[in-house]
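Reader: I should like to learn how a structural model is read, feature by feature. Could you guide me through one?

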Amino acid sequence: MADKSRSAQRKREKKEKEESEPAKNVKEVKEEAEKPAENGAAPEESGEAAENGEPQVEVMELPPFEIITGDRIDPFMFKFQFKNVEYSSGRNKTFLCYLVDRGSAEGLLRGYMEDEHIGVHAEEAFFIQCLPEYDPAVKYTVTWYVSSSPCAACAAKIAEVLKARKSVKLSIFAARLFEWEEPEIQAGLKTLHAAGCKLRMMKPLDFSYTWDTFVESDEEEAFNLWEDCKDNYEYYHDKLADILQ
């Protein structure tokens, strides 16, 4: 009986302690909030107060977007981004693989760039980062393999560069046509063509060449073209021919 009495007493003491502690904590928090700061300023809050008095979550500012450059592309990204499907759902990046021949002993300049259609696009960034300086005495032979053809704004800027830099010869091989049904896109491609840019759609052989030249893969890893690659090429080829005629 004594053990049961002591056990019951301990339970009552524990319960009384648990009930008293929250009340004490709430009181201390309230007093601390009402206490002025040492310099006379109001105490800081974790977030700005909304109209209803509830704190708002502070919006985190994202860092500025940067063009990604490299030597070789991830195999998965290449297979997804360069697939020449008619509807490019989820493919919100532009991948640009480039070769630059300046006719010098330095050899070819090779690499790739990618963007997310935010800020400067890969096409414009190429001339800023890869060819920042121009020598009229040098003949530049530039070849691009891009996941999609340029937008209207990029087409206009590329045409301006080609008109200003007469010794730059640019060839663009595109996996897909970007929004080719839009009049401004068609006008941009025509402007590019008129400025001397060679516009082509990527053939099945071009996809294999780009894989071997620009993709990070093991020697044992074979590249297999998707089933409708040739049909999709012919589809885009005909559309481009109609636009440029």
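Author: The discussion below goes from the overall fold to single residues and then to a pocket. Please keep in mind that this is a predicted model.

Reader: Where does one begin? How many helices and strands does the protein have?

Author: One begins with the inventory of secondary structure and its order. Here the protein has seven helices and six strands. Along the sequence they follow the pattern α-β-α-β-β-α-β-α-β-α-β-α-α.

Reader: What share of the residues is buried, and what share of the contacts joins residues at least 24 apart?

Author: Burial and contact range are read as overall figures before any residue is examined. Of the 245 residues, 34% count as buried. Among contacts between residues at least 6 apart in sequence, 72% join residues at least 24 apart.

Reader: How is a single strand to be read? Which strands pair with strand 2, and in what sense do they run?

Author: One looks at its partners, and then at its burial. Strand 2, residues 94–101, is joined to strand 3, residues 109–115, by seven bridges, and the two run antiparallel. Strand 2 also pairs with strand 4, residues 140–146, in the antiparallel sense, over six bridges.

Reader: Which residues stand opposite each other in these pairings?

Author: Towards strand 3, T94 stands opposite D115, and F95 stands opposite E114. Towards strand 4, the bridge partner of C97 is Y145.

Reader: Why is strand 2 described as largely enclosed by the rest of the structure?

Author: The count of buried residues gives the reason. Seven of the eight residues of strand 2 are buried, so this strand is largely enclosed by the rest of the structure. Its neighbour, strand 3, is mostly covered, with five of its seven residues buried. As a general idea for inspecting such elements, side chains in a regular strand alternate between the two faces of the sheet.

Reader: How should I treat the cysteines? Is C97 buried or exposed, and how many disulfides are there?

Author: Burial and bonding are separate readings. C97 counts as buried because its relative accessibility is 0%, under the 20% cut-off. C130 is also buried, with a relative accessible area of 14%. The disulfide count comes to zero, the rule being a pair of cysteine sulfur atoms within 2.5 Å.

Reader: How does one read the surroundings of a buried strand residue? Which residues does L170 contact beyond its neighbours within four places in sequence?

Author: One places the residue, checks its accessibility and then lists its contacts. L170 is found in strand 5, and at 2% relative accessibility this residue counts as buried. Leaving aside neighbours within four places in sequence, L170 is in contact with V142, W144, I158, L162, G196, C197 and K198. The C-alpha atoms of L170 and V142 are separated by 4.8 Å, although the two residues are 28 apart along the chain.

Reader: G196 appears in that list. Where is G196 placed?

Author: G196 lies in the loop between helix 5 and strand 6. With a relative accessible area of 48%, G196 is partly exposed. From C-alpha to C-alpha, G196 and S171 are 8.9 Å apart in space and 25 residues apart in sequence.

Reader: Which other loop residues merit a reading?

Author: Backbone angles and spatial neighbours both offer examples. E179 has a positive phi of about 45° although it is not a glycine. This residue is found in the loop between strand 5, residues 168–174, and helix 5, residues 183–194, and E179 is partly exposed at 46% relative accessibility. In the loop between strand 2 and strand 3 one finds S104, which is partly exposed at 36% relative accessibility. S104 and V138 are 34 residues apart in sequence, and their C-alpha atoms are 9.1 Å apart.

Reader: Finally, how is a pocket described? What lines the second largest pocket?

Author: One reads its volume, its lining and the elements that supply that lining. The second largest pocket holds about 160 Å³ of space. Its lining consists of F173, L199, R200, M201, K203, D206, Y233, H237, L240, A241 and L244. By class, these are seven nonpolar, one polar and three charged residues.

Reader: Which element supplies the largest share of that lining?

Author: Helix 7 does, with five residues. Strand 6, residues 198–201, and helix 7, residues 229–244, each supply at least two residues of the lining.

How values were computed. Residues are numbered from 1 along each chain as its sequence is written. This is a predicted model: local features need pLDDT of at least 70, side-chain atom pairs count only at pLDDT 80 or more; totals for chains, interfaces and linings use all residues. Side-chain values use heavy atoms; hydrogens and water are left out. On a 1 Å grid over the protein atoms alone, a cavity is a set of points where a 1.4 Å probe fits but cannot get out, and a pocket is an open set with protein on both sides within 12 Å along at least five of seven lines; lining residues have an atom within 4 Å of a point. Grid points are joined across faces, edges and corners, and a volume is the space filled by probe spheres set on the points. Helices (H or I, at least four residues) and strands (E, at least two) are DSSP runs, numbered from the N terminus. Ala, Val, Leu, Ile, Met, Phe, Trp, Tyr, Cys and Pro count as nonpolar, Asp, Glu, Lys and Arg as charged, and the others, Gly among them, as polar. Buried means under 20% relative accessible area, exposed over 50%, partly exposed in between (1.4 Å probe, protein chains only). Two strands pair if DSSP finds at least two bridges between them. Contact means heavy atoms within 4.5 Å.
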